[in-house]
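Work through the following exercises with the sequence and the coordinates open beside you. Each task is followed by a solution that proceeds step by step.

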Amino acid sequence: MPDEILTALIAGYMATDQPRYLFGWQGGEPTLAGIEFYRQAFRLMQLHGRDRQPVANALQTNGLLVDRKWARFFRKYHFLVGLSIDGPEHVHDRYRKDHGGRPSWSRVRDAASLMLDEGVEVNALTVVNDYSQHYPEEIYEFHKSMGLDFMQFIPCVETDPANPGAAAPFSARAEEYGKFLAKIFDLWLADFVNGKPTTSIRFFESLLFRYAGFPAPECTLQEECGSYVVVEHNGDVYACDFFVEPQWRLGNLLETPLDDLLNSCRQAEFGALKRDLHSDCIACTWKELCRGGCTKDRVRDPAGGGSNRFCGAYRLFFPHADPHLRRLADEWKREHT
């Protein structure tokens with residue numbers, strides 16, 4: 001990203017009225033930009049920020065370039081680092097090869113250890129695919145053993161390029177993903193101490209917000225999405241990182257102020273897509289909780305006919321978790337009212 005675009009991005013965002021300013025650095029692989037790129041970003045945040053303006057930075061990485069210099073940089077500037085690590089060696093290396101076809105697990109594990117040793121806040125970003133969906137306990141226990149107590153599980157679904165009418169064969173399947181979630185939930189509950197969780201699972205915590213009567217922080221559980229935008233290296237702005245596609249290009253930072261793009265009719269139109277639920281969702285018991293799930297999970301599997309690929313997973317998971325989530329929400333309300 002050239003300086004001109006970086007400046008337009010940071011100056012434009014910092015000029016908007018937000019309760020909190022969050023920059024999420026992704027790629028490709030964002031560490032390829034080099035540390036000096038992020039030093040410049042921080043200089044621009046200081047230059048264009050206002051007094052007491054709360055700013056947070058998160059970076060999503062595969063870990064392959066992370067060394068001690070990077071780890072100390074992340075700690076110094078209080079980055080939240082999302083590390084793409086799918087579990088123990090046989091699970092992670094099933095699909096995560098480098099460009100030479102070599103396995104990457106040992107290097108990613110070492111990057112995790114290095115960052116944790118340096119005091120960096122690290123979350124495990126784990127993709128659940130057709131293979132890993134069978135190993136919830138191994139994955140959970142591996143993350144814990146590494147000290148990765150903050151976990152996010154992302155079900156994989158992509159359109160099959162060889163058969164555009166179906167999902168790619170490596171995509172997670174609904175029933176297996178539902179069983180995966182249920183098992184992870186049980187493991188999460190079993191690790192409570194004195195009524196408090198000792199591990200953090202983003203999906204479960206977002207659900208607890210809903211059970212306690214608050215908006216879910218996770219966009220997949222909200223009635224509408226579109227609360228953020230993606231800025232590409234050339235200044236093009238898109239509605240969502242899952243929809244960096246020509247029809248959802250909102251404009252360019254050098255042509256239109258960021259605030260106008262954030263609040264554009266096209267962005268609102270994208271967000272409203274989530275409300276257009278499949279007929280199966282309308283009468284579903286769990287509609288108010290899942291809100292149809294992520295929009296991408298309806299369109300990446302064309303064979304689903306517009307329904308969410310993981311509806312079956314949620315119909316299996318919610319009856320399993322519901323009584324426990326109700327109890328936890330009730331306990332929280334008693335403590336805080």
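**Exercise 1. A pair of strands**

How many bridges join strand β4 to strand β5, and do the two run parallel or antiparallel?

Solution. The model is a predicted one, and its local features are read only where pLDDT is at least 70. Strand β4 covers residues 121-128 and strand β5 covers residues 150-155; the two run parallel and are joined by five bridges. To place the register, take Leu125, which stands opposite Gln152 in β5, and then Val128, which stands opposite Pro155 in β5. Turning to another partner of β4, strand β3, made of residues 80-84, also pairs with β4 in the parallel sense over five bridges, and here the bridge partner of Gly82 in β4 is Asn123.

**Exercise 2. The sheet around that pair**

Determine the order of the strands in the open sheet with parallel pairing, and identify the strands at its edges.

Solution. The order is β1-β2-β3-β4-β5-β8, which gives an open sheet of six strands with parallel pairing. The edges are taken by β1 (21-25) and β8 (200-201), each of which pairs on one side only. At the β1 edge, the pairing with strand β2, residues 55-61, is parallel and extends over five bridges, with Phe23 opposite Asn57 in β2. The two faces of β1 can then be told apart, since Tyr21, Phe23 and Trp25 make up a covered face, whereas Leu22 and Gly24 make up an uncovered one.

**Exercise 3. Burial in β4**

Why can β4 be described as largely enclosed by the rest of the structure, and what surrounds Val122?

Solution. Six of the eight residues of β4 are buried, so the strand is largely enclosed by the rest of the structure. Val122 lies in this strand, and because its relative accessible area is 4%, below the cut-off of 20%, Val122 counts as buried. Once neighbours within four places in sequence are set aside, the contacts of Val122 are Val81, Leu83, Met115, Leu116, Leu148 and Phe150. The C-alpha atoms of Val122 and Gly82 are separated by 5.8 Å, although the two residues are 40 residues apart along the chain.

**Exercise 4. The nonpolar cores**

Which members of the largest nonpolar core touch the most other members, and which helix gives the most residues to this core?

Solution. The largest nonpolar core has 51 residues, and those that touch the most other members are Ile10, Trp25, Tyr38, Phe73, Phe74, Phe79 and Met115. Helix α2, residues 35-48, gives the most to this core, with seven residues. To examine one of these members, leave aside the neighbours of Phe79 within four places in sequence: Phe79 is then in contact with Trp25, Tyr38, Phe42, Asn57, Ala58, Leu59, Phe73, Phe74, Val120 and Glu121. Apart from the largest core lies another, of 39 residues, including Ala216, Cys290, Ala313 and Leu325. As a general background to such groupings, nonpolar side chains tend to be buried together in soluble globular proteins.

**Exercise 5. An internal cavity**

Find how many cavities of 30 Å³ or more there are, and describe the lining of the largest cavity.

Solution. The count comes to one cavity of 30 Å³ or more, and about 90 Å³ of space lies in the largest cavity. Its lining is formed by Cys281, Cys284, Trp286, Lys287, Cys290, Arg291, Gly292, Asn308, Cys311, Tyr314, Arg315 and Phe318. The elements that give two or more residues to this lining are α12 (287-290) and α14 (311-336), and α14 provides the largest share, four residues. Sorted by character, the lining residues divide into seven nonpolar, two polar and three charged.

**Exercise 6. A loop residue and an antiparallel sheet**

Is Ser307 buried or exposed, and in which order do the strands of the antiparallel open sheet follow one another?

Solution. Ser307 lies in the loop between α13 (296-299) and α14, and with a relative accessibility of 15%, Ser307 counts as buried. Not counting residues up to four places away in sequence, Ser307 touches His278, Asp297 and Arg298. The antiparallel open sheet has three strands in the order β9-β10-β11, with β9 (230-231) and β11 (249-252) as its edge strands. Strand β10, residues 236-238, pairs with β11 in the antiparallel sense over three bridges, and Asp236 stands opposite Asn252 in β11.

Terms used. Residues numbered from 1 in each chain as written. Predicted model: local features only at pLDDT ≥ 70, side-chain atom pairs only at ≥ 80, totals over all residues. Heavy atoms only, no water. 1 Å grid on protein atoms, 1.4 Å probe; cavity = no way out; pocket = protein on both sides within 12 Å on 5 of 7 lines; lining within 4 Å. Points joined across faces, edges and corners; volume = space filled by probe spheres on them. Nonpolar A, V, L, I, M, F, W, Y, C, P; charged D, E, K, R; others polar. Pairing = 2+ DSSP bridges. Core = buried A, V, L, I, M, F, W, Y, C linked by side-chain atoms within 4.5 Å. Buried < 20%, exposed > 50% of the residue type's maximum accessible area, 1.4 Å probe, protein only. Contact = heavy atoms within 4.5 Å.
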